[in-house]
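Visitor: Please show me the structure, and let us then discuss how its elements pack.

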Amino acid sequence: MVPVSVRRACAPCLTVLAAALALRAWPARAEADPVKARLVLFVSVDQMRYDYLTRFAPLYKAGLRRLLDRGAVFSNALYRHANTETGPGHSVLLSGRSPLHSGIVANTWYDALLKKDVNVVEDPAVSPVGGSGYGASPASFDGFTLGDMLKRRTPGSRVVGISLKDRSAILMAGPRADAAYWFDTGSGSFVTSTYYTKALPDWLTRWNARRLADAEKWRTWSRLLADEALYRQYAGPDDVKGEWDGVDTVFPHRVRGAPPAPAFYDDLRRTPFGDEILLDAALAAIGGHDLGADDDTDVLAVGFSSSDVIGHTYGPDSQEVMDEYLRLDVTLGRLFDEVDRRVGADRVIVGLSADHGVMPLVENLQAKGVPARRVKADEILVPVTRALDARFGAPNGLVARALVPDFYLDLDAIAARHLARHDVEAVIRQALMDTGLVQQVYTQDDLLGAPPAGDPYFPMMRRSFFQPRSPHVTVLLKQWEHLSDRPGGTGHGTPYEYDRHVPVVFAGPGVTAGTYAAACGPEDIAPTLAALLRVDYPRQDADRVLTEMMRAE
């Protein structure tokens, strides 16, 4: 039987007083003056679609409001690679390097030598520090980040990544980072690995000892705003068919389980409280590493991840997603104000983007007449298995691993039977196309060859292709199809615009506020930040430096 996995599927209340935080204008600079920023604060919001920035804009009062009013907002930023997952996206944000060159092709890939699936940041050469699980590092990432190049220029620069997700913190911080920290759902603590240190720093040991994640105030998630009519106006009804499990779909939501059970810490990520816990840890990291304390520019990359879990669960048009972003607005306001207090508003460059977008709920799309559908793994796997059995006999062992919808072949088995690889691939391709679910099928030879005429997705598929790790047969499902065996929820991972369109925002010294409509992509973030800092930075896979926001006022 072919090993199979669905690769692309996932799945006390704050007051509004914080909304009254005063907005501080980041000062502009003369075009000829070098930026003497002490800190680059880069914020990644996992699964943040661009329209979240504008759809809820009238309700934002703090951090997101500040970025809209004082930042340079790029409204037409789309990823240039196809496999819009968390690992690939975060590997691009502060490197500008596509999976084609970085090797970060997915969250998980199959290793033919090890004969097992490999997590994007899994590293058997290191061990976890402070928690459980596997050792993690950027060992699989081939390239460098803004932080790496800063440390090359000024070795005293400090670079730190922190997130609920290990791959977010690690891949943004880069190979030369001083530290990366992530939330361990096995213990409810922030942890790291021996790639960075042999023991937890004292400040993090003290932070973990507070057991912040265990607090009673995180147990129930209710709406931030009392006026439910606002939620219906901006997001629609609360109870929507197609959300998660069909059971826990309306406010208030009770976090399942209780500490110290890992299930509780895992479910806590499905609430905005995960963002608040991350904020508290990130502020401790600033002090623990003296970030922004001197003239050697430091980097702090903060990856907010609750937004991704909430989005997968309830969909982008839900009241839950709306509440997540209203609360994130407050959380970011607290982050920006505290950084300003510690470092100085005129010494901080802020960047914000996302690793990918997300597809609306299938049921919401169907209600609007869109031909959307849910696709189960067997609808892809079974026809391929039957076609291979019919052509080559059963069992044939020609597929080593099916990370549905993609396939890794057993090249040794193919050679042992004196078969031609392209014949096996042709059978798989035809079986896939016959399902009626597939837009296009790409073999490795296809992706190594000349671009075919009339395929707008080929350039994005090629940017996601790294031969040692990519599947032998890569499948692009049709638009508006969600692959998952779960009863509800939604996902991402395609080259379609709903998965690629994300916000790109800059603010701080050297940045002219405004909305910029020219086409760009997250690949352009790292070289643009480097230009602001006067750091030599090879463009890698970026198309350009976003110079239009650097004009002198």
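Visitor: In this predicted model, how are α11 and α12 oriented to each other, roughly parallel or roughly antiparallel?
Guide: Helix α11 spans residues 306-314 and helix α12 residues 319-343, and their axes lie 9 Å apart at an angle of about 165°. Angles over 145 degrees count as roughly antiparallel. The two helices, α11 and α12, are therefore roughly antiparallel.

Visitor: How do the residues of the contact of α11 with α12 divide into nonpolar, polar and charged?
Guide: Helix α11 contributes Ser306, Ser307, Ile310, Gly311 and Tyr314, while α12 contributes Glu320, Val321, Glu324 and Tyr325. Gly counts as polar and Tyr as nonpolar in this grouping. The contact residues thus comprise 4 nonpolar, 3 polar and 2 charged.

Visitor: How many residues of helix α3 are buried?
Guide: Helix α3 covers residues 86-93. Its buried residues are Thr86, Gly87, Pro88, Gly89, His90, Ser91, Val92 and Leu93, and they pack against elements including α11, β13 and α20. The number of buried residues in α3 is 8 of 8.

Visitor: Which residue of β20 is the bridge partner of Val350?
Guide: Strand β20 pairs in the antiparallel sense with β13 over 3 bridges. It also pairs with β3, again antiparallel and over 3 bridges, and there Phe74 has Val504 as its partner in β20. For Val350, the partner in β20 is Ala507.

Visitor: Which residues of β20 are buried on the side opposite Val504 and Phe506?
Guide: Strand β20, residues 504-507, is covered on both faces. Val504 and Phe506 are buried on one side; the buried residues on the other are Val505 and Ala507.

Definitions and conventions:
Residues numbered from 1 in each chain as written. Predicted model: local features only at pLDDT ≥ 70, side-chain atom pairs only at ≥ 80, totals over all residues. Heavy atoms only, no water. Axes fitted to C-alpha atoms, helices over the stretch in contact; angles between N-to-C directions. Helix = DSSP H or I, 4+ residues; strand = E, 2+ residues; numbered from the N terminus. Parallel < 35°, antiparallel > 145°, perpendicular 65-115°, else oblique. Contact = heavy atoms within 4.5 Å. Buried < 20%, exposed > 50% of the residue type's maximum accessible area, 1.4 Å probe, protein only. Pairing = 2+ DSSP bridges.
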